[in-house]
Every structure is written in C-alpha cells, then in structure tokens.
Amino acid sequence: MSSESDSIRRELSKLEATARLLDPGPAQRTAWLNGLRAFTEAFLEGLNDTPGFKGDDGLDGFSGTHFEETPADIEALLPLFEREVLEKGANTASGRYVAYIPGSGVYPSALGDFLADVCNRYAGVSLAGPGATRMEQSLIRWMCRLVGYPESANGDLASGGSIATLSAMVAARDAKDVTPGRIGNACVYLTRQAHHCVRKALHIAGLSEAKARYLPMDERYRMDPAALERAMAEDREKGLQPFLVIASAGSTDTGTIDPIDDIARIAQQYEAWLHVDAAYGGFFLLCEETRPALAAMRRADSIVLDPHKGLFLPFGSGAVLLRDGTDLLRSFSYTADYLQDASAHIGHGAQYSPADYSPELSRPFRGLRMWLPLKLFGLAPFRAALQEKLLLARYFRQEIARLDRWEVGPEPDLSVVTYRYIPRRGDADDFNRRLNQALLDDGRIFISSTQIDGVFTLRLAVLNFRTHRDIIDELLELLPRMAEKLERENEKTP
Ligand SMILES: *Cc1c(COP(=O)(O)O)cnc(C)c1O
C-alpha cells in the first residue's frame with residue numbers, strides 16, 4: 001500500500017518537474033518579452049516604409065510543421081513569423097492599406113489583450129468574473145448610449161461583425177416567432193448593398209428558406225423606402241409575414257447610409273424587425289458631422305458595430321446591441337446542473353453575464369482591448385481620426401475628379417470613394433481591372449475594386465488610423481502615373 005503511494009509520489013515529482021516548464025520564471029518571461037518588444041518596435045518604426053500589399057510567394061513555411069518535444073528559442077521563431085506571415089499579403093496595420101474596410105490595431109489594445117491573457121480572468125459568467133463582466137457591461141452601455149438606445153438595451157462583445165450579426169438574426173427569429181413551420185412565409189427585405197454576412201447569418205440561423213426581397217435603390221445606392229413599403233404591403237396581402245428589414249449604416253461598396261428614419265417607420269408599421277448593419281459606419285456617431293445621418297439608428301431593434309473597424313481595434317472585436325436586451329436573453333440564456341452555483345448569476349434580473357447574451361460560454365475577456373485604449377487615449381483622438389478619415393475621402397474624391405479622364409462614383413456619406421479611369425481607347429472595365437492589378441503588383445498602396453451595376457470600379461476606403469494626407473497625396477500621384485503607363489502599353493498593342 002505505502003510502496004504504491006511511494007511510486008505515485010516518485011512518478012508525480014518526475015511529471016511535475018517537466019510540467020512546471022509551462023510556468024517559466026521571471027528571467028525567461030523577461031527574455032521573451034524583450035524579444036517581442038524589440039521585434040514589435042522595429043515593425044512599428046518601419047511601418048510607413050513597408051508596402052501596403054505584397055503578393056503571396058506561394059511558399060508555405062508552415063506545411064510539415066511538427067512540434068519537437070524540446071523548446072525552441074524565440075530568436076529563431078520571430079524571423080520565421082516575419083518571413084512567413086508579415087512578408088505576405090495585406091499589411092493591415094499600415095496606413096497604406098486603403099482596400100476593403102481597413103483594420104488598424106491601436107497599440108493599447110495589444111496591451112489590453114496581454115493583460116487579459118496573463119491574468120486570464122473569466123468573462124463569461126459574472127459569478128466567476130464580476131469585475132470583468134462589469135467592465136464589458138460598461139462598454140456595452142457606452143455603445144448603447146452612443147447609438148441612443150433606451151435603458152432596456154443590452155448586448156454582447158463578440159469576435160466580429162459576422163458573429164454579432166448571427167446573434168442579432170437569431171434574436172430576431174425568436175422574437176418574431178419564426179418557428180420552422182413558418183420560415184417559408186417569412187420575408188426579409190434588403191438591398192444588393194447589404195453585406196454578405198447577413199445572408200450567411202440567416203443561413204446559419206436556419207432561415208435560408210425565408211423569402212428574400214431585394215429592393216431597388218436610389219442613385220446613391222440607398223434603399224428606396226417607397227419600394228420597401230410596397231413590397232411589405234404586397235407580402236402581407238399574400239398572407240406572408242414581413243419579418244425582417246436589413247438597413248446599412250455605411251455600406252461596404254459605396255459608403256452610404258440607408259434612409260433609416262423612413263425605413264424604421266415602415267418596419268414598425270408592419271411589425272417587422274429592423275436590423276441596422278453599422279459594422280463599418282457605426283462609430284462615425286462620434287463625429288459631429290455624421291451624427292445626424294446616423295441618429296435614426298436608435299429606432300432599430302438590433303445594431304451591429306465593429307470596434308475593430310471604426311474604433312481602430314485589432315481584429316477580434318464586434319458588438320451586437322439590442323434595443324430590448326431581453327430579446328438576446330430569450331435566445332441565449334441557458335443553464336445546466338454543473339452551473340448551479342452560478343445560476344443566481346444567470347438570466348433575467350441577474351447581474352450581466354455575456355454567456356446569457358451570446359452563443360459563447362468560455363470566451364476571451366474582450367473588454368480590456370477596448371477599455372484600455374478608450375481610457376489611455378481619451379475620446380478626442382478617436383473623434384479627430386474619424387473626422388480626418390471623412391475629410392481624407394472627400395479630399396481624394398475631389399482631387400481625383402479634377403484629373404483628366406478620371407470619374408468618381410456616387411457621393412458617399414462616409415469614407416469610401418468609388419472611382420475609375422476612362423481610357424483613351426479600349427474597354428474601360430478591362431483597363432481598370434489591369435490598373436487595379438498594376439497597383440497590387442506595385443504594392444506601395446493597397447486599394448481594392450468592386451462592381452457597381454456590373455461596372456468594374458476602383459475603391460478607396462479610408463479607415464486605418466495611420467492613413468493621413470501624405471499617403472492620399474502619394475496615391476493621387478501614383479494613380480495617374482500608373483494609368484499613363486498602361487495607356488502607353490495600350491498604344492503599343494495593335
Ligand atoms: C466588415 C463588415 C461586416 C462583417 O464584419 P466582420 O467583423 O468582418 O465579421 C458586416 N457589415 C459591414 C458593413 C462590414 O463592413
């Protein structure tokens with residue numbers, strides 16, 4: 001008996017000696033931190049001199065990765081990371097990234113993640129992390145006030161806009177009682193400008209069979225409210241259920257805002273759920289200039305905002321807000337026997353627990369990456385940066401339109417500009433496609449393209465906090481030079 005215990009003790013001390021390697025002491029921690037600090041400092045200091053985009057060399061330095069039983073040195077790993085990750089694709093930390101909807105990554109967020117991860121406080125349920133969940137609730141409250149929601153509102157810090165949208169769609173489905181037998185009768189109203197994550201979320205929520213009504217838009221690609229009203233009336237006439245309206249507060253393609261006030265009135269009249277996708281545009285509420293156009297968002301039943309876009313956080317932060325927070329509880333508040341100690345902390349009337357408001361249980365403590373930058377910087381630089389982005393987009397649009405043979409698309413409400421070059425001869429779509437490719441190959445500034453009514457169009461999206469006038473001026477110089485180069489090549493080909 002006692003010899004058996006002795007052998008267990010011997011085995012345990014052997015295992016412990018190796019297992020304790022997972023908990024290195026101060027010397028090792030400091031060495032790693034110093035390695036990372038030197039690396040990230042060099043990265044940030046060199047950022048404006050590195051291209052906005054680099055093609056993929058197709059080499060996969062991670063294929064055949066196998067993990068040794070023994071430790072590696074951080075000095076050997078950082079060059080691998082640099083070569084295999086940083087040297088390829090979009091440089092999303094850079095102000096030279098003005099494609100799609102740019103990300104950025106304010107530095108204090110990285111510190112917030114570091115702090116959250118080292119302390120690893122549990123932010124799923126308030127019993128375990130009363131302070132962590134209160135911090136998250138304070139951020140949700142701040143965003144609810146920003147959008148003008150009443151006290152009844154609540155929400156969740158999710159990993160991004162797509163997951164936040166999924167939560168909103170599930171809540172809408174349950175609130176409007178779209179049970180499986182009724183899905184075929186339920187109608188969803190949107191435009192071709194709606195972000196594809198909405199259709200994806202509807203699919204995941206089991207709502208693929210709902211009838212999608214794509215509505216006509218005005219000349220600036222905003223939803224036509226009269227068409228919405230007609231479509232809803234027709235559907236109700238047919239005995240269908242006008243269930244859900246999707247409006248954009250900042251469309252990805254054209255940076256425009258749907259007429260949310262009119263849309264909200266009609267949705268309410270037909271008792272349909274109104275969801276406003278403000279993933280890109282929501283934080284422009286911080287700017288005096290754009291607040292009026294966004295103010296009607298407060299009438300939506302659900303809103304999605306992406307702090308990893310308009311608040312310049314690194315990827316990994318979206319937010320869903322519901323005008324009536326109990327609509328999220330209805331869909332997501334569950335309990336289990338093994339959570340009985342926490343059950344007083346779950347559900348209606350309890351202290352806020354993110355697990356009640358989202359599909360997740362265990363999750364990263366997402367509050368700190370948002371709270372720390374808001375505190376360390378204060379709001380003023382965020383407002384100024386957003387206002388600067390609006391003005392940079394306007395400046396670019398005005399300057400490019402002045403140049404010979406360049407034309408601009410519809411006037412945006414926010415910081416996306418569509419434009420294209422009309423070549424002296426040949427097909428304009430083809431020319432702009434080649435121009436876009438030439439800019440990608442050059443890589444200095446990363447722009448992107450889209451199709452507007454089937455027309456190949458170049459796009460500028462200013463949302464990285466590191467994009468300032470120097471980069472826009474550089475682009476204004478680069479674009480005509482590239483176009484001229486392609487024109488000359490055009491002339492040479494018969
Ligand atoms: C980016 C974006 C989304 C999707 O959000 P993710 O955070 O990328 O998942 C949805 N709608 C709009 C308008 C967006 O710009």
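**View 1. Charges across the predicted model.** The 57 positive and 69 negative charges of the protein have mean positions 3 Å apart. Lys and Arg count as positive, Asp and Glu as negative, with His and the chain ends not counted; each charge is placed at NZ of Lys, CZ of Arg, CG of Asp or CD of Glu. A word on the model, which is predicted: local features need pLDDT of at least 70, side-chain atom pairs count only at pLDDT 80 or more, and totals for chains, interfaces and linings use all residues. Residues are numbered from 1 along each chain as its sequence is written, and side-chain values use heavy atoms, leaving out hydrogens and water.

**View 2. Surface and interior.** About 24000 Å² of the protein is exposed, and carbon and sulfur atoms supply 54% of that area (Shrake-Rupley method, 1.4 Å probe). Of the 494 residues, 48% are buried (under 20% relative accessible area, 1.4 Å probe, protein chains only).

**View 3. Helix α6, residues 161–175.** Let's zoom in on one of the 16 helices, which accompany 13 strands (DSSP runs: H or I of at least four residues for helices, E of at least two for strands). The end C-alpha atoms of α6 lie 21 Å apart, which agrees with the 21 Å expected for 15 residues at 1.5 Å a residue (1.5 Å times one less than the number of residues). Buried residues in α6 are G161, A164, T165, L166, S167, A168, M169, V170, A171 and A172.

**View 4. Just past α6.** Here D177 adopts a positive phi of about 55 degrees.

How values were computed. Buried < 20%, exposed > 50% of the residue type's maximum accessible area, 1.4 Å probe, protein only.
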